[in-house]
Amino acid sequence: AYAGHHDVWRQRTDAPEMDTAVQILVDASGSMHGNPMKMATLTSIALCSTLDGIGCATEVLSFTGKSYVDFQKVWPKSVDRYKFPGRTWAQWLLAHKHFDQPMRLAKNTLGSLADMANGGTPTADGVYIGGARLMKRREARRIMIIVTDGRPDNEFHAEKAIKYLQAKGVEVAGIGIGSDYIGEWCNRSVWVDKPDDLASTVMDDFAKMLLRNERFNANNRKGVAA
């Protein structure tokens with residue numbers, strides 16, 4: 001074409017629809033206070049902005065445990081106690097951006113995420129409750145990203161909750177700050193030594209997962225690939 005040949009042509013084709021829903025579940029325990037939570041907030045905003053631009057539904061939730069409660073004594077008999085046999089923390093889970101909420105309407109609530117860190121790490125409850133919202137989506141592909149800087153309050157139930165979602169067809173990615181705390185149970189995981197590296201590492205590795213292309217160029221520490 002640059003040389004002036006007239007037999008050069010191109011044809012436009014429709015790109016495949018991004019039929020994917022992504023839920024970002026952020027650990028809001030006390031240990032996340034300060035820089036880790038600020039970087040988790042920036043990462044969530046960066047992911048939502050990018051995915052919103054390509055038509056991918058996104059949601060951001062924060063989870064923590066606020067106070068000890070003996071739920072075994074107060075739950076009615078109609079509640080499925082088997083699903084939460086070890087639950088002792090009152091769950092505090094907030095939606096900072098809903099799936100169908102445009103980014104321009106979620107800026108204030110996303111910004112408040114940076115000040116949410118306070119409490120325990122009931123990961124299993126967060127996964128069950130957030131997963132129930134995610135599984136209601138009609139998209140063909142559903143992905144949950146868990147961002148945490150420590151181990152769950154109950155590792156047995158956290159592993160069970162993640163495997164429950166995976167059995168329902170949900171892909172689970174783990175993002176560890178400081179170490180790979182839940183990566184052994186996830187479809188994919190990465191971890192960063194410093195919170196400052198969180199945004200670039202997650203963006204690079206998540207692009208591989210979303211595009212299903214491990215050859216995507218990335219300059220970051222690679223975690224466990226799906």
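Helices (H or I, at least four residues) and strands (E, at least two) are DSSP runs, numbered from the N terminus. With that in hand, Thr-20 can be placed in strand β1, which covers residues 20–27.

This is a predicted model, in which local features need pLDDT of at least 70 and side-chain atom pairs count only at pLDDT 80 or more, while totals for chains, interfaces and linings use all residues. Residues are numbered from 1 along each chain as its sequence is written, and side-chain values use heavy atoms, with hydrogens and water left out.

## The chain as a whole

Let's start with the overall plan. The chain holds 6 helices and 6 strands, and along the sequence they follow the pattern β-α-β-α-β-α-α-β-α-β-β-α. Of the 226 residues, 46% are buried; here buried means under 20% relative accessible area, exposed means over 50%, and partly exposed lies in between (1.4 Å probe, protein chains only). The accessible surface of the chain is about 12,200 Å², and carbon and sulfur atoms account for 51% of that surface. Such areas come from the Shrake-Rupley method with a 1.4 Å probe, and for residues only the protein chains shown count as cover.

Contacts tell you which parts of the chain meet (a contact means heavy atoms within 4.5 Å). Among contacts with a separation of 6 or more, 72% are between residues 24 or more positions apart.

## Four residues to look up

Now find these residues in the structure. Each row gives a residue, its place, its relative accessible area and the C-alpha distance to a partner.

| Residue | Place | Relative accessible area | C-alpha distance to partner |
|---|---|---|---|
| Thr-20 | strand β1 | 4% | Glu-139, 5.3 Å |
| Ala-28 | loop between β1 and α1 | 1% | Ser-62, 5.8 Å |
| Ala-140 | loop between α4 and β4 | 66% | Gly-169, 9.5 Å |
| Tyr-164 | helix α5 | 31% | Gly-131, 9.4 Å |

Is Thr-20 buried or exposed? Thr-20 counts as buried, because its relative accessible area is 4%. Glu-139 is 119 residues away from Thr-20 along the chain. Leaving out residues up to four places away in sequence, Thr-20 touches Cys-56, Ala-57, Glu-139, Arg-141, Ile-143 and Leu-210.

Ala-28 has a relative accessible area of 1%, so this residue is buried too. Ser-62 sits 34 residues from Ala-28 in sequence. Beyond the neighbours within four places, the contacts of Ala-28 include Met-37, Phe-63, Met-116 and Gly-119.

Ala-140 counts as exposed because its relative accessibility is 66%. Gly-169 lies 29 residues from Ala-140 along the chain.

## Two helices side by side

How do helices α4 and α5 cross? The axes of α4 (residues 123–134) and α5 (residues 155–167) come within 7 Å and cross at roughly 20°. Therefore α4 is roughly parallel to α5. Axes are lines fitted to C-alpha atoms, for helices over the stretch in contact, with angles from 0 to 180 degrees between N-to-C directions. Angles under 35 degrees count as roughly parallel, over 145 as roughly antiparallel, 65 to 115 as roughly perpendicular and the rest as oblique.

On the α4 side, the meeting residues are Thr-123, Ala-124, Val-127, Tyr-128 and Gly-131, while those on the α5 side include His-157, Ala-161 and Tyr-164. The residues of this contact divide into 8 nonpolar, 3 polar and 1 charged. Here Ala, Val, Leu, Ile, Met, Phe, Trp, Tyr, Cys and Pro count as nonpolar, Asp, Glu, Lys and Arg as charged, and the others, Gly among them, as polar.

Tyr-164 is partly exposed, because its relative accessible area is 31%.
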